Amino acid sequence: MPHVTVRPSGIEFPAEPGQTIMAAGEAAGYRWPTICGGVGDCHACHVEVLDSPEHLGPPNHCEQHAIKTLHRGDRVRLACQAAVHGDVVVLKR
């Protein structure tokens, strides 16, 4: 089962293959910041992928638009949309 590690906190939790970062975190008992409830509208859940971006599924249309809007580089993903397919390390301030 893949694991997500969140820096700088060091929190680590498992993710079912294909589960989003946010859903996996919430299933493990962590509250993930969101205003829209995980539909990709608020962008509050965005993370920077520090390691193994290839272990996330490709961004869908909603997430592609958000990434362009955020202007934070090519390693930014929405935790509510990014599907986990292997171990990944993300930065969430």
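Which residue in S4 does Val47 stand opposite? In this predicted model, the partner is Arg77. That pair belongs to a stretch where strand S3, residues 46-51, and S4 run alongside each other in the antiparallel sense, joined over three bridges.

Zooming out, S3 and S4 are part of an open sheet with five strands, and the order across it reads S2-S1-S5-S3-S4. The pairing is mixed. At the edges sit strand S2 (11-14) and strand S4 (76-78), each of which pairs on one side only. The sheet isn't flat: on average, neighbouring strands are turned by 35 degrees against each other, direction ignored.

As for how such a sheet is held together, strands pair through backbone hydrogen bonds, and they can do so either parallel or antiparallel. Both kinds turn up around strand S5 (residues 88-91). With strand S1 (residues 3-7), S5 pairs in the parallel sense over four bridges, and here Val6 has Val90 as its bridge partner. With S3, S5 pairs in the antiparallel sense over three bridges; on this side Asp51 is matched with Val89.

S5 is also covered on both faces. In a regular strand, side chains alternate between the two faces of the sheet. Val88 and Val90 sit on one side of S5, Val89 and Leu91 on the other, and all four are buried.

Next comes the helix that packs on this part of the sheet. Helix H2, residues 61-70, lies across S3 and S4 and runs at about 135 degrees to S4. A histidine from outside these elements touches the same region: His43 is found in the loop between helix H1 (21-27) and S3. Is His43 buried or exposed? His43 has a relative accessible area of 16%, so it counts as buried, the cut-off being under 20%. Leaving aside neighbours within four places in sequence, His43 is in contact with Ala66, Thr69, Leu70 and Leu78.

Finally, there's the largest pocket, with a volume of about 170 Å³. Its lining is made up of His46, Val47, Glu48, Arg72, Val76, Leu91, Lys92 and Arg93. S3 supplies the largest share of that lining, three residues. By character, the lining residues split into four charged, three nonpolar and one polar. Two residues already met are on the list: Val47, which lines the pocket and stands opposite Arg77, and Leu91, which also lines the pocket and is one of the buried residues of S5.

How values were computed:
Residues are numbered from 1 along each chain as its sequence is written. This is a predicted model: local features need pLDDT of at least 70, side-chain atom pairs count only at pLDDT 80 or more; totals for chains, interfaces and linings use all residues. Side-chain values use heavy atoms; hydrogens and water are left out. Two strands pair if DSSP finds at least two bridges between them. Axes are lines fitted to C-alpha atoms, for helices over the stretch in contact, and angles run from 0 to 180 degrees between N-to-C directions. Contact means heavy atoms within 4.5 Å. Buried means under 20% relative accessible area, exposed over 50%, partly exposed in between (1.4 Å probe, protein chains only). On a 1 Å grid over the protein atoms alone, a cavity is a set of points where a 1.4 Å probe fits but cannot get out, and a pocket is an open set with protein on both sides within 12 Å along at least five of seven lines; lining residues have an atom within 4 Å of a point. Grid points are joined across faces, edges and corners, and a volume is the space filled by probe spheres set on the points. Ala, Val, Leu, Ile, Met, Phe, Trp, Tyr, Cys and Pro count as nonpolar, Asp, Glu, Lys and Arg as charged, and the others, Gly among them, as polar.
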